[in-house]
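Hi everyone, thanks for making time today. Please pull up the sequence and the structure, and we'll walk through them together.

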Amino acid sequence: MKANAAVHHTYPMLDSLVIEYEDEVVLPGAEPDDLYSFVDEEAEQSTREVTGVYTNNEARVRDDGTSVPGKYVIVQLDRVANSQPQSSKAWAPDSTAGRAILPTGSRYEFRKDYSAVEIRQKFDAVDAAGRVIQPAGVLPDLLRENVQWPDFQGFSLDNVLSGEQGEIHYSYYLPPDYDPARRYPMVVTLPGYGGLLHSLNDETRGVNVFTDRSALAWTQASEDVIVVAPQLTGWDSAAARQAIELTEYFLDRYSVDPARVYSMGYSAGGETMSRALNSRAELFAAYVHSSSRWNGDYDDVVNNRLPVYIFMAQNDEYYGPQRARDAYEGLSARYASDGLTSKEIKRLAVLDMRDDAYFNRQGIYYYHDGGMVTADADEIIRWVLDQRKP
C-alpha cells in the first residue's frame, strides 16, 4: 500500500491511498465511506472521510476519479471545498487525521511513524469471477517510505553546499527538460521559523519545501522557473550571508537569467532576506516580503531601485500590521528623498494588506500563517515575473 501526500496551504496531509490487490478488483456499488474507513489515533479528530473510491490499472490517481479495470484501488480522502474559494486549490480539512508533517512546537518534521493510522476495508474484495482476493478487515500498516509527494516531482531535496559560509542545506527545482542553452528566471524562497534546519535528523532535512506552498507554487507559474529553497539554521547576518552565497552559486553553475533573479521571504525568512538585501540588493530583480519585519536599513535596496512587494494580514498576530507599514513607509520616504515621483515610488514599493475574509476563504484563521500562501496569489506571481533588472 502507498499513500500520496500534498501541501494544501498550511496543511501537509495524506491526500489519497493506492492499494494494490493480487488481481483486478470489482468494487461493490456502495458509498465510498461504506467501502473504506480512515482513522488516525494521533489526531484530535481521528476520523477522515473517504470521498471517492475507484479502480485503476496503474498505481496512481486519475484526474477524472472514475474507474478503469485494474488491480489498484484509489481511495480519495476528503478535501473540504470552500463555499467561496479564493482559488481552485483552496480548502481546509475538517480533521488533521493523516498529517504527513507534524508540528513539534513551532517547528515541523516529517512524520516517521504511521502505525496510528488504520485503513479498514469494509467489504470482501472479489475479482471478475467472484473469487475473494482480500477479505474484509484492517489492511497492513502504512510505512513512511511508501508515502509519496507527487506534486514535488522534480525537486532535489536536502543538498549541501560546503562554502565559505559553512555548510548550507538547500533543495532546488529545475524545470522539465531543463536546457543549459536557455536562460531561466530563478526565485530564492526562505521559509519561516518552522521550516528552518533545527537539527540534522532525517525527519527535518528538506521539510521546508513542504511546510507551505511558497516553493511549490513557483513550479506552477506560467513559465519555467528555477526554484532554490535554502534551509538555513537561523535568521541572523550569518544566515543572510549563506543566502547570498547560495544565490551566487546557482548564478555561476546553472542557466539563470541574471536580470530575472527574484527572492521571497516569509516570517523569519523575510527577516533573513531583508538582511541580505541590505548589502546585495543588486543580485535581485524583485523581492516579496511576506508576514515579516524588515531588519536593517534600506540603502542598498533604494540605491539599486529594487522593487519590493510587502504582504501582510491586516490582523497579523505575530508581528502586527504596523511592521508592514513601517517597511513600506521607510522605503517610500527614502525614494521620496531621492526625488522620485509618487508614480515611480508606487512601482518600486507595494503594500498589500489583506483582510480576514481573504484568509478565511482559504481555511486560514491564524492570520500570520496567511503569509505562507502569498505565492498562491496569481497576481503576485505575475507582478514578480514581470520585473527585470535594467
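**A walk through the model**

Let's begin at one residue: leaving aside neighbours within four places in sequence, Ile133 is in contact with Tyr21, Glu22, Asp23, Glu24, Val25, Ala125, Val126 and Asp127, where contact means heavy atoms within 4.5 Å. Before going on, a word on what we're looking at: this is a predicted model, in which local features need pLDDT of at least 70 and side-chain atom pairs count only at pLDDT 80 or more, while totals for chains, interfaces and linings use all residues. Residues are numbered from 1 along each chain as its sequence is written, and side-chain values use heavy atoms, with hydrogens and water left out.

Back to Ile133, which lies in strand 11, residues 132-134. Helices (H or I, at least four residues) and strands (E, at least two) are DSSP runs, numbered from the N terminus. Is Ile133 buried or exposed? Ile133 counts as buried, at 9% relative accessibility. Buried means under 20% relative accessible area, exposed means over 50%, and partly exposed is in between, with a 1.4 Å probe and protein chains only.

Now to the strands. Along strand 9, residues 117-121, the side chains alternate: Val117, Ile119 and Gln121 point to one face and are buried, while Glu118 and Arg120 point to the other and are not. Strand 9 pairs with strand 3, residues 36-40, in the antiparallel sense over five bridges; two strands count as paired if DSSP finds at least two bridges between them. Here Tyr36 stands opposite Gln121. Strand 9 also pairs with strand 12, residues 137-138, antiparallel over two bridges, and there Arg120 has Val138 as its bridge partner.

There is an open sheet of five strands too, with the order 5-6-2-1-13 and mixed pairing. Its edge strands are strand 5 (50-56) and strand 13 (147-148), each pairing on one side only. Strand 1, residues 2-8, runs parallel to strand 13, and two bridges join them. One bridge partner pair there is Asn4 and Gln148.

Further along the chain, strand 14 and strand 15 form a hairpin with two residues between them. They pair in the antiparallel sense over seven bridges, and Gly163 has Gly166 as its bridge partner in strand 15.

Next, the helices. Helix 3 covers residues 237-253, and at 1.5 Å a residue its 17 residues should span 24 Å; the end C-alpha atoms are 25 Å apart, which agrees. The expected span is 1.5 Å times one less than the number of residues. Among the buried residues of helix 3 are Ala239, Ala240, Tyr249 and Phe250. What do the buried residues of helix 3 pack against? Their partners include strand 14 (155-163), strand 15 (166-173), strand 18 (256-266) and helix 4 (268-280).

Helix 4 has 13 residues that should span 18 Å, and its end C-alpha atoms are 18 Å apart, which agrees. Thr272 has its place in this helix. Thr272 is buried, with a relative accessible area of 2%. Not counting residues up to four places away in sequence, Thr272 touches Leu190, Leu232, Gly234, Trp235, Ala239 and Ala240.

On to the aromatics. Rings of Phe, Tyr and Trp (its six-membered ring) pair if their centres lie within 6.5 Å; planes under 30 degrees apart count as stacked, over 60 as edge-to-face and the rest as tilted. By this rule the count comes to 24 aromatic pairs. Why is the pair of Tyr178 and Tyr184 stacked? Their ring centres are 5.3 Å apart and their planes are at 25 degrees, so the pair is stacked. Tyr178 is partly exposed at 23% relative accessible area, whereas Tyr184 is buried at 0%. Both belong to one aromatic cluster, with Tyr170, Tyr172, Tyr249, Phe250 and Tyr254.

Let's finish inside. A nonpolar core is a set of buried Ala, Val, Leu, Ile, Met, Phe, Trp, Tyr and Cys residues joined through side-chain atoms within 4.5 Å. Of the 70 residues in the largest one, Leu14, Tyr36, Trp149 and Trp218 touch the most other members. Helix 9, residues 378-385, gives the most to this core, with five residues. A second, separate core of 46 residues includes Val188, Leu232, Leu306 and Ile345.
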